[in-house]
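Ready for some hands-on work with a structure? Open the model in your viewer and try each exercise before you read its solution.

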Amino acid sequence: MANNDIRAQLKSILLEKSVRTGEFTLASGKTSDLYIDCRVTAMDPVGATLIGKLGWETVKAELVERGVNAQAIGGMTLGADPISLAVGMTSAADEKPLQVFTVRKEPKGHGKGKQIEGNFNEGDTIVIVDDVITTGGSTLKAADVLEASGAKIAFALVLVDREEGGREAIEARGIPVVSLFSRSTLLG
């Protein structure tokens, strides 16, 4: 299936399952006329498959364009988890699959007290993931944790950029942003 067909199918599922209009208070505290719950699409078996295919093709192309090799993919739980796993699982068919990890909002209160769980090693070059960016706050918080643990961030992969300043905030930090959809492309 061609990327344009995959993109069209994924857009259709996002619009059907994840996009709502009305008046909403977002995680950032801002109010908006648009709510996008990507988890519903990312946890749908067809949606996850499409995210995996389009996400992996996008990641591979970006890594080649930037001349970078990445070892792992992940981001702040819960939004990034199904996206990271879908892309990681799709990458398993490739000769250089990506390992998958997740970043806890706070360090674990027991055991080793880890904040990064899964397949992450200090010094890894990673792709950081977020489902939706508004202000970029959760992506930047995950970046803080990852960089403090020795990660080198190649770029951020975002399912939907709400086009409300998040991309600019993340890129101001030196992390390029690649979004599969934006508010404009999703609603346009």
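The exercises below deal with one arginine, several salt bridges and a pocket, all in a predicted model.

**Exercise 1. Find where R162 sits, and decide whether R162 is buried or exposed.**

Solution. Start with the secondary structure: R162 belongs to the loop that runs between β7 (152-161) and α6 (166-172). Next, take the relative accessible area, which is 2% for R162. Buried means under 20%, so R162 counts as buried.

**Exercise 2. List the side chains with which R162 makes polar contacts, and then the residues R162 touches further along the sequence.**

Solution. Begin with S32: its side chain and that of R162 are joined by a polar contact of 2.5 Å. Then turn to E164, whose side chain makes a polar contact of 3.0 Å with the side chain of R162. Finally, leave out residues up to four places away in sequence; the residues touched by R162 are then L26, S32, L34, Y35, I36, V132, I133, T134 and R183.

**Exercise 3. Work out how R66 and E62 are placed relative to each other, and how accessible each of them is.**

Solution. First, the pairing: R66 and E62 form a salt bridge, with 3.0 Å between the closest N and O atoms. As background, side chains of opposite charge can pair when their charged atoms come close. Now the placement: both residues lie in helix α3 (residues 45-66), and because they are 4 residues apart there, about one helical turn separates them. Last, accessibility: R66 is partly exposed at 35% relative accessible area, while E62 is buried at 14%.

**Exercise 4. Say which parts of the chain are tied together by the salt bridge between D144 and R173.**

Solution. Look at the geometry: the closest N and O atoms of D144 and R173 are 2.8 Å apart. D144 lies in helix α5 (residues 137-148) and R173 in the loop between α6 and β8 (177-182), so this pair ties together parts that are 29 residues apart in sequence. Then check the surroundings: D144 is partly exposed, with a relative accessible area of 43%, and R173 is also partly exposed, at 32%.

**Exercise 5. Do the analysis again for E164 and R183, and find the network to which they belong.**

Solution. The salt bridge between E164 and R183 has its closest N and O atoms 3.9 Å apart; the cut-off is 4 Å. E164 lies in the loop between β7 and α6, and R183 in helix α7 (residues 183-187), so the pair ties together parts that are 19 residues apart in sequence. E164 is partly exposed, with 24% relative accessible area, and R183 is partly exposed at 23%. Following shared partners, salt bridges join K30, D33, R162, E164 and R183 into one network. For the wider setting, a search of the whole structure finds 16 salt bridges.

**Exercise 6. Describe the largest pocket: what is its volume, and which elements line it?**

Solution. The volume of the largest pocket is about 530 Å³. Among its 23 lining residues, A27, D130, D131, V132 and S138 are the closest to the centre. Sort the lining by element: β2 (31-36), β6 (125-133) and α5 each supply at least two residues. The largest share, 4 residues, comes from β6.

**Exercise 7. Find the annotated domain span and give its helix and strand content.**

Solution. An unreviewed UniProt entry lists residues 121-167 as "domain: Phosphoribosyltransferase". That span is 30% helix and 40% strand, and its end C-alpha atoms lie 26 Å apart.

Methods. Residues are numbered from 1 along each chain as its sequence is written. This is a predicted model: local features need pLDDT of at least 70, side-chain atom pairs count only at pLDDT 80 or more; totals for chains, interfaces and linings use all residues. Side-chain values use heavy atoms; hydrogens and water are left out. Buried means under 20% relative accessible area, exposed over 50%, partly exposed in between (1.4 Å probe, protein chains only). A polar contact is a pair of N or O atoms within 3.5 Å; within protein, one must be able to donate a hydrogen and the other to accept it, and residues adjacent in sequence count only if both atoms are side-chain atoms. Contact means heavy atoms within 4.5 Å. UniProt positions are given in the numbering used here, feature names are shortened, and annotations may be inferred rather than shown by experiment. A salt bridge is a side-chain nitrogen of Lys or Arg within 4 Å of a carboxyl oxygen of Asp or Glu. On a 1 Å grid over the protein atoms alone, a cavity is a set of points where a 1.4 Å probe fits but cannot get out, and a pocket is an open set with protein on both sides within 12 Å along at least five of seven lines; lining residues have an atom within 4 Å of a point. Grid points are joined across faces, edges and corners, and a volume is the space filled by probe spheres set on the points.
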